[in-house]
Amino acid sequence: MSVTAKRWWGKARRWTGRLARSRATPRIAVLMYHRVAEPVNDPWKMCVGPRRFSEHMTVLAQHCEVIGLSSVVSRLEQPRTRPLVVVTFDDGYRDNLEVALPILEKFELPATLFLATDAVDAAEPWWWDVLADLVLETSLPPALDMLVGEERLVWRLQEGPDELRGRLWELLSRLDVSAITGVIRHLCQWAGHEPRHDPLRLPLSGEEIRQLTKGGLVSLGCHSASHLRMTVRDASTCKEELSRSINECRRLVGERPSAFAFPFGEYDQLSVELVKAAGFGMACTSDEGLVTASSDLFALPRLGVGNWTGSYFDAWLRHYWCA
Ligand SMILES: [Zn+2]
């Protein structure tokens, strides 16, 4: 037995003991991924490399029971012998089909994709990806002074690119898509930036979504239409977006989605009420934690997964289960 294997076995026994003690309060880890890719830069921490994703799925296949999101409520009521895990993806990047799906199929692991439906067939990268490239891969001019929506943004080079990225995100995420597109275009001109062509980071097309879901392993959830930040937008805009995105999901896969994920993970009482009123049965946030029988079904916590090795992922997951 290797040192690694001994360490593993020791941890596994502790793990089993903890599980036995915690059966009275069943818990489920809902994992949150976005992209399975190795991009030039990843300042938003949205990417897990393909090899590492495969290592994560290996850990899940060996030591956990991966269930569909729709089974969460019923499984919280049942005794279990292995840790229960749900795999989710947000947004709808093409690499989910090209890279993640073959790995999920290899291990026969189900997953849910929360889709922001306006991007489908747009064949344009998401604005936050263009913003990241623009700020991090371009020699920026010494100063910026512009209106973003109704706010004036003044920035100097000595404040650094990350400061600019953060302030622009905060302002842009409050606007509608046409306003965001206008600001991004202006910024590209200001910085002399040409958006990089990267097919894997484009949103999935309608045909690709049908390919992704046709085997039955990946189900569709809803992530709004334009990926709007619900907490800063008015109720009628949110309602219209929810209805539009439900209809688009239904058009794409023939059934309405039962689960929602709040864009940017942000929610408040009003957005929860709107999601309930739209007919969803549950909603995921980006709040960190495990789902238990006492969790609010419309504010389910998730665990955001980083670009970690399989062994780090394994230890990280155990930390939550054994806490
Ligand atoms: Zn998202």
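## Helices, strands and overall form

The chain in this predicted model has 11 helices and 13 strands. Its radius of gyration is 21 Å, close to the 20 Å that the globule rule gives for 323 residues, so the chain is as compact as a globular protein of that length. If you drew a box around the C-alpha atoms along the principal axes, that box would be roughly 60 × 50 × 35 Å.

How much of the chain is tucked away? Of its 323 residues, 38% count as buried. There's also plenty of long-range contact to look at: take the contacts with a separation of 6 or more, and 70% of them come from residues 24 or more positions apart.

## Two domains

The chain splits into two domains. Domain 1 is made of three stretches, 3–122, 201–227 and 282–322, while domain 2 covers 127–191. Their C-alpha centres sit 32 Å apart.

Where the two domains meet, 7 residues of domain 1 are in contact with 8 residues of domain 2. On the domain 1 side, the touching residues come out as 3 nonpolar, 2 polar and 2 charged.

## Strand β13 and its partners

A handy place to zoom in is strand β13, residues 300–304. This strand is mostly covered, with 4 of its 5 residues buried.

Which way does β1 run relative to β13? Strand β1 (residues 27–33) runs parallel to β13, and 2 bridges join them. Look for M32, which stands opposite G304 in β13. Strand β11 (residues 282–288) also pairs with β13 in the parallel sense, again over 2 bridges. In that pairing, C284 stands opposite L300 in β13.

## The nonpolar core

In soluble globular proteins, nonpolar side chains tend to be buried together. Here, the largest nonpolar core has 81 residues. Inside this core, the residues with the most contacts are V30, L31 and A283. Where does the core lie with respect to domain 1 and domain 2? Both domains give residues to the core, so it lies between them.

V30 is a good residue to click on if you want to see how this region fits together. Leaving aside neighbours within four places in sequence, V30 is in contact with V86, T88, C284, V291, L300, R302 and L303. Two names there should ring a bell: C284 and L300 are the pair that stand opposite each other where β11 meets β13. So when you have V30 on screen, you can trace its contacts to both C284 and L300.

Technical notes. Residues are numbered from 1 along each chain as its sequence is written. This is a predicted model: local features need pLDDT of at least 70, side-chain atom pairs count only at pLDDT 80 or more; totals for chains, interfaces and linings use all residues. The radius of gyration is taken over C-alpha atoms; the globule rule is 2.2 Å times the number of residues to the power 0.38. A residue is buried if 20 or more other C-beta atoms lie within 10 Å of its own, exposed if 12 or fewer, and partly exposed in between; C-beta atoms are placed from the backbone. Two strands pair if DSSP finds at least two bridges between them. Domain bounds come from an automatic or database domain assignment. Ala, Val, Leu, Ile, Met, Phe, Trp, Tyr, Cys and Pro count as nonpolar, Asp, Glu, Lys and Arg as charged, and the others, Gly among them, as polar. A nonpolar core is a set of buried Ala, Val, Leu, Ile, Met, Phe, Trp, Tyr and Cys residues joined through C-beta atoms within 7 Å.
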